[in-house]
Amino acid sequence: MKKDRILVTGGTGYIGSHTVVELQEAGYPVVIVDNLSNSNRDVVDGIEKITGIRPDFVEADCTDLAAMEKLFSDYPDIKGIINFAASKAVGESMQKPILYYRNNLNTLMNLLDMMAKYGTKGIVFSSSCTVYGEPDENPVTESAPIKKATSPYGNTKQISEEIIEDVIRAGAPFKSVILRYFNPVGAHPSALIGELPNGVPQNLIPFVTQTAMGIRKELSVFGNDYNTPDGSCIRDYINVVDLAKAHVIAVERMLEDKSEAPVEIFNLGTGVGLSVLELIDSFERSTGVKVPRKIVGRRAGDIEKVWANPKHANDVLGWKAETPIDDTMKSAWAWQCALRERGIM
Ligand code: NAD
Ligand code: WQD
């Protein structure tokens, strides 16, 4: 049976591109909309090489309401949306809060307006474990309290969740699945798509792979005096392909009217916390490549430890993170090597 078309906003980005691959492999026709503010048009070629299918690609800005009207009237068969499009750099959001509020919130509100007008059945929204701040208990369940956001970026995720809840409570005729990602890492095993950080990476894994490649002299480990077994911070590193697969299940749920509530929220993580030093060990062990590093002071605003209780997603979605961390690290390294071969980095 022919499946419904899915609109993937931010579909040339890191998590979006991996999700387009999984959607196409599950038989969904996809249209990507992306303004290429943090990605590259070549990603569409990578997706085509992996799946043998070229997704439709529309270069447009989701904050541009007229462009969204045109997109929805050009593709009247869109039945589901996955909204990845957002600005995501925490530090930059402290410097340019209006840019973050405008981009992330106007994008979402435009999409919600279009959905009501064009009869879209559901929207999957990319939220983040950042909504939990420093949790009182680990692992974190979905009912853990939402802590006051420490950055405009984090605040856009909290406000976005509230906007979705309010709009659906007010009677909007569609459903939503809100996915709170922990720390997505790694790349597609083909090394044809992956994460393409802009400038000096702020996130750990791109910094690790660039240091291993010799692009950066050494990795700074931000703090070894935390209240954790080895003193470095603990996170839940989730393989990006595993993460992408959860989106296909979430879409199916909404399109096939299987949701238990109009808005459902799921943590997407492995359930296992790893420290920064353990993650570097995994990288070195699995790739055989050393990562020069030094311990430096804490990074302002860092959470000490956070990892997911993914039971709700395991039980209700039938989804589970499967890829061992060493395989994920190998995939991150293979991607870094592919970037080097292509002369990109
Ligand atoms: P990314 O920057 O690689 O992808 C986002 C894509 O959206 C980019 O291709 C960018 O060009 C595009 N985009 C941004 N604003 C747009 C706009 N107004 N119109 C059209 N396109 C626009 O980021 P990612 O890591 O793939 O993250 C995807 C989503 O997941 C984001 O919403 C992010 O906040 C969320 N998230 C990411 C992480 C993470 O660690 N990567 C963790 C939790 C949540
Ligand atoms: C991971 C760990 C650092 C770089 C951020 C956002 C969060 C979410 C995911 C979107 C921390 C340490 C890092 C380095 C290091 N994104 N580190 N040296 O901080 O968990 O979360 O990305 O929603 O909102 O805040 O991820 O990859 O930056 O850091 O020691 O050079 O690695 O201190 O403990 P983080 P990260």
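These are my notebook entries on a predicted model of a protein with two ligands.

**Entry 1: the overall build**

I started with the whole chain. I found 11 helices and 13 strands in the protein. Then I looked up the radius of gyration, which is 19 Å. The globule rule gives 20 Å for 345 residues, so the protein is as compact as a globular protein of that length. I also noted the span of the C-alpha trace along its principal axes. It comes to about 55 × 45 × 40 Å.

**Entry 2: the shell around ligand 1**

Next I turned to ligand 1. Which residues come nearest to ligand 1? There are 28 residues around the ligand, and D34, N38, S39, N103 and Y153 come nearest. I sorted the shell by class. It holds 11 nonpolar, 13 polar and 4 charged residues.

I then asked which elements supply the shell. Helices α1 (14–25), α5 (97–118) and α6 (152–169) each give at least two residues, and so does strand β5 (122–128). Strand β5 gives the most, with 3 residues.

**Entry 3: polar contacts of ligand 1**

I looked for pairs of N or O atoms here. I wrote down three.

- I15 uses its backbone: an N or O atom there lies 2.8 Å from an oxygen atom of ligand 1.
- K88 uses its side chain: an N or O atom there is 2.8 Å from an oxygen atom of ligand 1.
- N103 also has a side-chain N or O atom in play, 2.7 Å from a nitrogen atom of ligand 1.

N103 is also one of the residues that come nearest to this ligand. How much of ligand 1 does the protein bury? Alone, the ligand exposes 820 Å², and the protein buries 95% of that.

**Entry 4: the shell around ligand 2**

I moved on to ligand 2. I counted 19 residues around this ligand. S128, Y153, S220, R235 and D302 come nearest. I had already met Y153 in the list for ligand 1.

By class, the shell has 10 nonpolar, 6 polar and 3 charged residues. Helix α7 and strand β8 (219–222) each supply at least two residues of this shell. The largest share comes from β8, with 4 residues.

**Entry 5: polar contacts of ligand 2**

Again I wrote down three pairs.

- A polar backbone atom of S220 is 2.7 Å from a nitrogen atom of ligand 2.
- R299 has a polar side-chain atom 2.9 Å from an oxygen atom of ligand 2.
- D302 has a side-chain N or O atom 2.5 Å from an oxygen atom of ligand 2.

I checked the cover as well. Ligand 2 has 680 Å² of accessible area on its own, and the protein covers 87% of it.

**Entry 6: a cavity and a pocket**

Now I looked for empty space. Rolling a probe the size of a water molecule over the atoms shows where such space is left. I found 1 cavity of 30 Å³ or more. About 110 Å³ of space lies in this largest cavity. It is lined by 14 residues, and E195, P206, T209, A332 and W335 lie nearest its centre. Helices α7 (204–213) and α11 each give two or more residues to the lining. By class, I noted 9 nonpolar, 4 polar and 1 charged residues in this lining.

I also looked up the second largest pocket. Its volume is about 170 Å³. The lining has 13 residues, and A187, P189, N239, V241 and T323 lie nearest the centre. Helices α8 (240–255) and α11 (325–341) each give two or more residues to this lining. By class, the pocket lining has 3 nonpolar, 5 polar and 5 charged residues. So far, α11 has turned up in the lining of the cavity and in that of the pocket.

**Entry 7: two backbone oddities**

Last, I checked the backbone. Most residues other than glycine have a negative phi, and most peptide bonds are trans. Where is the cis peptide bond I noted? It runs from N138 to P139, with omega near -5°. P139 sits in the loop between β5 and α6. Both of those elements supply residues to the shell around ligand 1.

A191 was my other stop. Its phi is near 60°, a positive value in a residue other than glycine. A191 lies in the loop between β7 (183–185) and α7. Helix α7 also supplies residues to the shell around ligand 2 and to the lining of the largest cavity.

Note on methods:
Residues are numbered from 1 along each chain as its sequence is written. Chains are lettered from A and ligands numbered from 1 in the order in which they are written. This is a predicted model: local features need pLDDT of at least 70, side-chain atom pairs count only at pLDDT 80 or more; totals for chains, interfaces and linings use all residues. Side-chain values use heavy atoms; hydrogens and water are left out. A residue is near a molecule or strand if one of its heavy atoms lies within 4 Å of it. A polar contact is a pair of N or O atoms within 3.5 Å; within protein, one must be able to donate a hydrogen and the other to accept it, and residues adjacent in sequence count only if both atoms are side-chain atoms. Accessible areas come from the Shrake-Rupley method with a 1.4 Å probe; for residues, only the protein chains shown count as cover. Ala, Val, Leu, Ile, Met, Phe, Trp, Tyr, Cys and Pro count as nonpolar, Asp, Glu, Lys and Arg as charged, and the others, Gly among them, as polar. On a 1 Å grid over the protein atoms alone, a cavity is a set of points where a 1.4 Å probe fits but cannot get out, and a pocket is an open set with protein on both sides within 12 Å along at least five of seven lines; lining residues have an atom within 4 Å of a point. Grid points are joined across faces, edges and corners, and a volume is the space filled by probe spheres set on the points. The radius of gyration is taken over C-alpha atoms; the globule rule is 2.2 Å times the number of residues to the power 0.38.
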